[in-house]
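Subject: The structure I promised you

Hi there,

Here is the structure I said I would send over. Have it open while you read, and I will go through what turned up.

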Amino acid sequence: MNVRMEPGWKSELQAELEKPYFKDLTQFVKEEYMQHTCYPKGGDIFAAFDHCRFDDTKVVILGQDPYHGPGQANGLCFSVKDGIPHPPSLINIFKEISTDLNKPYPVSGNLERWADQGILLLNATLTVRAHQAGSHQGKGWEIFTDAVIKILSENKNDLVFLLWGGFAKKKMKLIDRERHHILSSGHPSPLSANRGFWFGNKHFSQCNNILSTLGNKTIDW
């Protein structure tokens, strides 16, 4: 596994990349990609870090697993490649943006446009075997991505963390709430959203209000 990463992130994470668990994880991922169809493609595994430089990071959105269907995952949580039908959670994200900010529903589900504005779209697990959700959990990715959250919490100020659903909310313990801003709600998946835990959270306008108050450029969602 080639850890190709923006230099600022590489510097912050170098010690983590040299730990024994990460070497074991690297070997596991190499073997999985050789023996099975896995997503995202190898060059996109660290796409979240390539599109959102460490110095530019101002918002963090946490996901769980990459999409495991053909052509979907592009290395950014909740995001799909251009031209791919929008998965249910992404549809609900876009619906909330439309009502919250009075914006039209977007054609493309590719969220690189968000990442390029300073949003780290981080999945807890960065790889998955095709058609097998959660197949790469418990192999070391969660240790790595927890370290990413801790490093952000300790070395940055006034980040906005968007934590959607029970899994993401468990990461609160890694974040210094005195230094950062946390917006939490139910998950945008249909099960949660249709029970009233997602729609109306207004996270996108709230996030922009926080950024504006801090004197930062707001996000074009």
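In which loop does Lys202 lie? Lys202 belongs to the loop between helix H8 (190-193) and H9. Please keep in mind that this is a predicted model.

**Two residues with positive phi**

Lys202 is a good place to begin, as its phi is near 55°, a positive value in a residue other than glycine. Lys202 counts as partly exposed because its relative accessibility is 43%, which falls between the 20% limit for buried and the 50% limit for exposed.

Phe78 also has a positive phi without being glycine, with a value near 70°. You will find Phe78 in the loop between strand E2 (59-63) and H4. Is Phe78 buried or exposed? The relative accessible area of Phe78 is 10%, so Phe78 is buried.

**Ser89 and its surroundings**

Phe78 comes up again when we turn to Ser89, a residue of helix H4. Leaving aside residues up to four places away in sequence, Ser89 touches Phe78, His187, Pro188 and Ser189. Ser89 counts as buried because its relative accessibility is 13%. Try finding Gln117 as well: Ser89 and Gln117 are 28 residues apart along the chain, and their C-alpha atoms are separated by 21 Å.

**How the helices cross**

Two packed helices are described by the angle between their axes and the distance between the axes. Three pairs are set out below.

Let us stay with H4 for the first pair. The axes of helix H4 (residues 88-101) and helix H9 (residues 203-213) come within 8 Å, crossing at roughly 60°. H4 and H9 are therefore oblique to each other. On the H4 side, the contact is made by Ile93, Glu96, Ile97, Asp100 and Leu101, while H9 brings in His203, Phe204 and Ser205. By class, the contact of H4 with H9 has four nonpolar, two polar and two charged residues.

The next pair is H1 and H6. Helix H1 (residues 7-17) and helix H6 (residues 141-155) have axes that come within 11 Å and cross at roughly 130°. Because of that angle, H1 is oblique to H6. The crossing of H1 and H6 is right-handed. From H1, the residues making the contact are Trp9, Glu12, Leu13, Glu16 and Leu17, and from H6 they are Ile143, Phe144, Ala147, Val148, Ile151, Leu152 and Asn155. Sorted by class, the residues of the contact of H1 with H6 are nine nonpolar, one polar and two charged.

H6 also crosses H2. The axes of helix H2 (residues 20-35) and H6 come within 9 Å, at an angle of roughly 125°. This makes H2 and H6 oblique to each other. What is the handedness of the crossing of H2 and H6? That crossing is left-handed. Here Tyr21, Phe22, Leu25 and Val29 in H2 meet Trp141, Ile143 and Phe144 in H6. The contact of H2 with H6 has seven nonpolar residues, with no polar and no charged ones.

**A buried lysine**

Now look at Lys171, in the loop between helix H7 (165-169) and strand E6 (181-185). Lys171 has a relative accessible area of 10%, so Lys171 is buried. Which residues does Lys171 touch, not counting residues up to four places away in sequence? They are Leu62, Asp146 and Ile149.

**The cysteines**

How many disulfides does a search of the whole structure find? The search finds zero. Cys52 is in no disulfide, and its nearest cysteine sulfur, that of Cys77, is 11 Å away. Likewise, Cys77 is in no disulfide, the nearest cysteine sulfur being that of Cys52. A disulfide needs two cysteine sulfur atoms within 2.5 Å. Cys52 counts as buried because its relative accessibility is 0%. Cys77 has a relative accessible area of 0%, so Cys77 is buried too.

**A cis peptide bond**

One last stop is the peptide bond from Tyr39 to Pro40, which is cis, with omega near -5°. Pro40 sits in the loop between strand E1 (38-39) and helix H3 (47-51).

Enjoy exploring, and write back with any questions!

Best wishes

Conventions. Residues numbered from 1 in each chain as written. Predicted model: local features only at pLDDT ≥ 70, side-chain atom pairs only at ≥ 80, totals over all residues. Heavy atoms only, no water. Helix = DSSP H or I, 4+ residues; strand = E, 2+ residues; numbered from the N terminus. Buried < 20%, exposed > 50% of the residue type's maximum accessible area, 1.4 Å probe, protein only. Contact = heavy atoms within 4.5 Å. Axes fitted to C-alpha atoms, helices over the stretch in contact; angles between N-to-C directions. Parallel < 35°, antiparallel > 145°, perpendicular 65-115°, else oblique. Left-handed = near helix turned anticlockwise from the far one by under 90°. Nonpolar A, V, L, I, M, F, W, Y, C, P; charged D, E, K, R; others polar.
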